[in-house]
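Here are a few short exercises to try with the model open beside you. Work through each task yourself before reading its solution.

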Amino acid sequence: MDTTRSRRLGTILIHAFVGWALCAATMGIGMAVTTIDNAVIIHAVAAPIIFTVISLIYFTKFHYTTPLQTALVFVAFVIAMDFFVVALLILQSLDMFAGLLGTWIPFALIFTSTYLTGVYVAKRPEPHLGATVR
């Protein structure tokens, strides 16, 4: 794999990791300060917001992949980290995948928010350099 391709892959994976880490922090803090049910609801609301912001940064600064490719990479990364790190290493159980609100709805919202952010950024008109604002 050439250097440019490696850097591009690294860039998208770093963005996916930051999104996943922020979601994990949301769950961790939520479970520490409230009930598990409330933490899951907060996480389900926060996940698409977090990934919208991460996607906006990625698509405006880098945009190496299409909205569909990016959404697939982001959600696949989150699913893999949740499976290997959270379920297998931390919880030592796959029970977290039994609940819709705890995993599957956030996965769908992460995919959707990433994809729609990419589509939105792609359709925005490019700013003209040297243009004056009145």
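**Exercise 1: Aromatic pairs**

In this predicted model, the count of aromatic pairs comes to 14. Take the pair F17 and W20: describe the geometry of the two rings, then place both residues in their helix.

*Solution.* Start with the numbers for the rings. The centres of F17 and W20 are 5.9 Å apart, and their planes make an angle of 40°. Stacked pairs have planes under 30 degrees apart and edge-to-face pairs over 60, so 40° makes this pair tilted. Next comes the sequence. F17 and W20 both belong to helix α1, and because they are three residues apart there, about one helical turn separates them. Last, look at accessibility: F17 is partly exposed at 40%, whereas W20 is buried at 10%.

**Exercise 2: A pair across two elements**

Now turn to F83 and F97, and work out which parts of the chain this pair ties together.

*Solution.* First, the geometry: F83 and F97 form a tilted pair, with 6.3 Å centre to centre and 45° between the planes. Second, the location: F83 sits in helix α3, while F97 is in the loop between α3 and α4, so the pair ties together parts that are 14 residues apart in sequence. Third, the surroundings: F83 has a relative accessibility of 31% and is partly exposed. For F97 the value is 16%, and since buried means under 20%, F97 counts as buried.

**Exercise 3: Two packed helices**

Describe how α1 and α2 pack against each other.

*Solution.* Two packed helices are described by the angle between their axes and the distance between the axes. For helix α1 (residues 3-33) and α2, the angle is about 155° and the axes are 9 Å apart. Angles over 145 count as roughly antiparallel, and therefore α1 is roughly antiparallel to α2. The crossing of α1 past α2 is right-handed. To finish, sort the residues of this contact by class: 19 are nonpolar, six are polar and none is charged.

**Exercise 4: The setting of F59**

Is F59 buried or exposed, and which residues does F59 contact beyond its neighbours within four places in sequence?

*Solution.* Begin with the element: F59 is part of helix α2, which covers residues 36-61. Its relative accessible area is 3%, so F59 is buried. Leaving aside neighbours within four places in sequence, the contacts of F59 are T65, T66, P67, T70, T114, T117, G118 and V121. For a distance to check on screen, try V73: this residue is 14 residues from F59 along the chain, and the two C-alpha atoms are 14 Å apart. F59 also belongs to a cluster linked by ring pairs, together with F51, Y58, F62, Y64 and F74.

**Exercise 5: Positive phi angles**

Find where H63 and Q92 lie, and decide for each whether the residue is buried, partly exposed or exposed.

*Solution.* Take H63 first. H63 is not a glycine, yet has a positive phi of about 55°. H63 lies in the loop between α2 and α3 (67-91) and is partly exposed, with 31% relative accessibility. Then take Q92. The phi of Q92 is near 55°, again positive in a residue other than glycine. Q92 is in the loop between α3 and α4 (100-123). With a relative accessible area of 68%, Q92 is exposed, as the cut-off for that class is over 50%.

Notes. Residues numbered from 1 in each chain as written. Predicted model: local features only at pLDDT ≥ 70, side-chain atom pairs only at ≥ 80, totals over all residues. Heavy atoms only, no water. Helix = DSSP H or I, 4+ residues; strand = E, 2+ residues; numbered from the N terminus. Buried < 20%, exposed > 50% of the residue type's maximum accessible area, 1.4 Å probe, protein only. Contact = heavy atoms within 4.5 Å. Axes fitted to C-alpha atoms, helices over the stretch in contact; angles between N-to-C directions. Parallel < 35°, antiparallel > 145°, perpendicular 65-115°, else oblique. Left-handed = near helix turned anticlockwise from the far one by under 90°. Nonpolar A, V, L, I, M, F, W, Y, C, P; charged D, E, K, R; others polar. Phe/Tyr/Trp six-rings, centres within 6.5 Å; stacked < 30°, edge-to-face > 60°.
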